[in-house]
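Subject: Structure for you to look through

Hi,

Here is the structure I promised to pass on. Have it open while you read, and click along as we go.

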Amino acid sequence: MRMSSHWVCVHAHFYQPARENPWLDAVPPAETAAPYHDWNERVTAECYARNAAARILDDAKRIVRIVSTYGSISFNVGPTLLRWLARHSPEVYAAVLEADRTSRQAQFGHGNAMAQVYNHVIMPLTSPRDQVTQVVWGIKDFARRFRRQPEGMWLSETAVDVPTLEVLAAQRVAFTILAPHQAGRVRSSPESPWTEVRDGQFDTTVPYRCRLPSGRSIVVFFYDASVSRAIAFEGLLNDGTALAQRLAAPLPDGGARIRAVATDGESYGHHHRFGEMALASALQGLTADGAVRLTNLGAYLAMHPPTGEVDIRERTSWSCPHGVERWRADCGDRTDPNTHQRWRAPVREAMTWLKQELDRLYEQHGSALLKDPWAARDDAIDLIDPEPGALEAFFGRHATTKLSTEQRSTALRLLEMQRQGMLMQSSDGWFFNDVAGGETVQILTHASRALDLASAWDDTLEQPYVGRLRGAPGNTTVYPDGAVVYEQLVRPQAVPATRLVATHAIRSIVEPSVHIATPAVTIRQLDADRTEASGHVLVIGRVRVTWVVTGNQEAAYAVVHFGGHEFHCVVQVGVPAERYAALRTTLLRQFGRDVLSEVIRTLDTALGPGYFTLRDLLLDDRRRVLAALTAQQLQVLDGTYRRVYQENRTLMEYLRDAHAPIPPAIVMAAVAVLTHDLEDELSTPADQPLSPKTHTLVSELRSWGREVRADRFEPLLRQRLEEILSSPLPISTRLQRATEVLDLAAAAELTLDLWEAQNRFYRLLRTARAQDAGPQLRTLGDRLGFNMDRLSAEILQAHP
């Protein structure tokens, strides 16, 4: 094997914060991420999925190969992002894990993946105890997912000080990556004199050992600042060839040198559209040329241990020239020059104070249940999405004695309080422009949940915490300070049992079998009665709410639907069975007999006085109810539209033939009917052929001067095409059905997003036999944007 003296490592730091609602452990919608549900979903579509299936194109912009860039770069994926991917994008999650597995084979046992401190805290601004837990959680989460121990660890924002490096070294982390300006002084060997580093100007093409006061040491790689900056901010990702040239540019002679570049991984596709394609093209070019060799830092380090040494600059980071002030002061770093960041220091002070209070409660109450509360916290990463038996094993290791169910619940509540205390320190909360920004609201929401959990032992903490936030000035009159943000944007995110049960109750009016289940909580119906009178609906019932952390609660509810979007719901936790039975009898007897106001008075007296309306539901649930109500109305309207169209169709044809204007109301009825019928046809199972009626409906719709709406029909056709290509049908049948879908899209003049269909077709190609590579396969491949001459040759070579 030919070995090169010039090595290249492209490192991508992939990360998203924990965006889950802390009560539900589910991500709420984000309007700013539209048309996607939330920012995790959007960035996954634009970046993480794209890097798992990056296109390499020919000169005619046709696909010649689809590759995973993860297999050729060094990367870290933050644990909070990995957790979301595992739940919501399992294909991308699997691609990340597979890339590390295959890279270990290619890189002599050293995988491309690095670990990351758990939830992206600024380590120098975190307490020593939290520093340890952040590193331990990052390592354990990595080991559980990648099935190996990490060699390197990414520090959030590369924020570093000597105590941070001591924690890494104590946990046997071999190396980390820093920016050149974070080096204080260097020397080429332990016997050489030190040279002060100015403006990051020193040799970054070799690793350095940083010796620590404890006697331990850790290796530091410094990335190439010029090339990294060009990738992230200067448009280098506009051209894969230019990127390859910059990465392959000559390095100083002498020794096996490495050019390491490091950027946010989101540069490749999210920040820069098609950035993943530029990266894939560059990586292929570098590999084909042979002038350099791609590697990861663990593999390089194993072959080329450092001879030089470095002392770092304390409390520095890659994204703040003022050290780590961006996360605690109005240092001038901002993304909007028209804003101030005087809110940062008060928010930091409030979080630090609250964390100290949480730690006090945890140690005070945890010591009676856990042998060593802090060792237990370090081990509690096993309780986040636990594997079978993990809970029993955890308490077997850490409980002071055999704990009762209630004691276990108390211990889990304390540990969850600590987890929320970690999440509320995530760096994003201080990075951007305003105290009312989404990232700051998110960390404040984690703090609110921590306060909620802590209230079991001390319910006096919230007032002084909010008082500290009052000293955090905002940039707008709408949200003048952090206390207003907390009251108006954070409190509404809380989901106590009563609000959750009200959601269940209101949804039960419009959903035949409502089922609320999130990773944090589930609701089980114990009893329910429904009755209707004079166009109104009453439902009364009992449910059991099971929280993963705090255990079971039983609640009774009653909800009246007045019609439309008007609901009145009351909920009470802990209603005895006898009182519920009596209330049930009374309400069912009253409803339809007494005036409605008397019924409302009865249920408010029994389960109120507070009540819930549709507006009190979280946005996703509110939309779900409104969609169901709208569907009911549309069903009624459909009959009316259908009658109008059928009765006037002949007249419409006469008017059209006479080039006379057709009344818009009649055209609207025709469009509504034809659109509904076309949607029904396209919603049939994908393993069934398209009915000829679909073309008739498209033609008829267009004959009335209306386009086929892309927002309604593109998703239906796209999803049908994708399902066909990955179905178990014979290849010839799949090709025929896929062609039918593309023909219909062409007839409707719709442009489909073919990205996922191309992925599935490419997988089909890779498994095709020579006899499958016939004209139909070639024709479909051409229509999907592939260079079938090159791909057909590969198929024949792979499957002769």
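Let's start with the inside. The largest nonpolar core has 118 residues; a nonpolar core here is a set of buried Ala, Val, Leu, Ile, Met, Phe, Trp, Tyr and Cys residues joined through side-chain atoms within 4.5 Å. Buried means under 20% relative accessible area, exposed means over 50%, and partly exposed is in between (1.4 Å probe, protein chains only). The residues with the most contacts inside that core are V10, F14, F75, L721, F761, L784 and F786. Take F75: leaving aside its neighbours within four places in sequence, its contacts (heavy atoms within 4.5 Å) include F14, Y70, V96, M114 and F146. There is also a second, separate core of 54 residues, and A350, L370, F395 and F431 are among its members.

Before going on, a word on what you are looking at. This is a predicted model, in which local features need pLDDT of at least 70 and side-chain atom pairs count only at pLDDT 80 or more, while totals for chains, interfaces and linings use all residues. Residues are numbered from 1 along each chain as its sequence is written, and side-chain values use heavy atoms, with hydrogens and water left out.

Now two single residues. Is S426 buried or exposed? S426 is buried, at a relative accessible area of 5%, and you'll find S426 in the loop between α13 (405–423) and α14 (428–431). Helices (H or I, at least four residues) and strands (E, at least two) are DSSP runs, numbered from the N terminus. Not counting neighbours within four places in sequence, S426 is in contact with Y15, N119, H120, V121 and I443.

L716, in helix α24 (residues 710–725), is partly exposed, with a relative accessible area of 21%. L716 touches E679, L682 and S683, if you skip residues up to four places away in sequence. L716 and L682 are 34 residues apart in sequence, and their C-alpha atoms are 6.4 Å apart in space.

Next, a pair of helices. The axes of α16 (residues 462–469) and α17 (residues 482–490) come within 6 Å and cross at roughly 125°. Axes are lines fitted to C-alpha atoms, for helices over the stretch in contact, and angles run from 0 to 180 degrees between N-to-C directions. That crossing makes α16 oblique to α17 (angles under 35 degrees count as roughly parallel, over 145 as roughly antiparallel, 65 to 115 as roughly perpendicular and the rest as oblique). On the α16 side the contact is made by E462, Y465, V466 and L469, and on the α17 side by G482, A483, Y486 and E487.

On to the sheets. Strands of a sheet pair through backbone hydrogen bonds, either parallel or antiparallel. Two strands count as paired if DSSP finds at least two bridges between them.

One open sheet has four strands in the order β15-β16-β17-β18, with antiparallel pairing. Which are its edge strands? They are β15 (521–533) and β18 (566–573), each of which pairs on one side only. The twist averages 15° from one strand to the next. Walking across the sheet, β15 pairs with β16 (residues 536–547) over twelve bridges, and A533 stands opposite H536 in β16. β16 then pairs with β17 (residues 551–563) over eleven bridges, and these two form a hairpin with three residues between them. Eight bridges join β17 to β18. In the hairpin of β17 and β18, which has two residues between the strands, look for G564: it takes a positive phi near 60°.

The other open sheet to look at has six strands, ordered β7-β11-β10-β14-β8-β9, and its pairing is mixed. Its edge strands are β7 (175–178) and β9. β7 and β11 (residues 217–222) pair in the parallel sense over four bridges, with F175 opposite V219 in β11. Helix α5 (residues 162–170) packs on this sheet, touching β7, β10 (208–211), β11 and β14, and its direction makes about 115° with that of β11. Four of the five residues of β8 (residues 183–187) are buried, so β8 is largely enclosed by the rest of the structure. β8 pairs antiparallel with β14 (residues 308–312) over four bridges and antiparallel with β9 (residues 195–196) over two.

Happy browsing!
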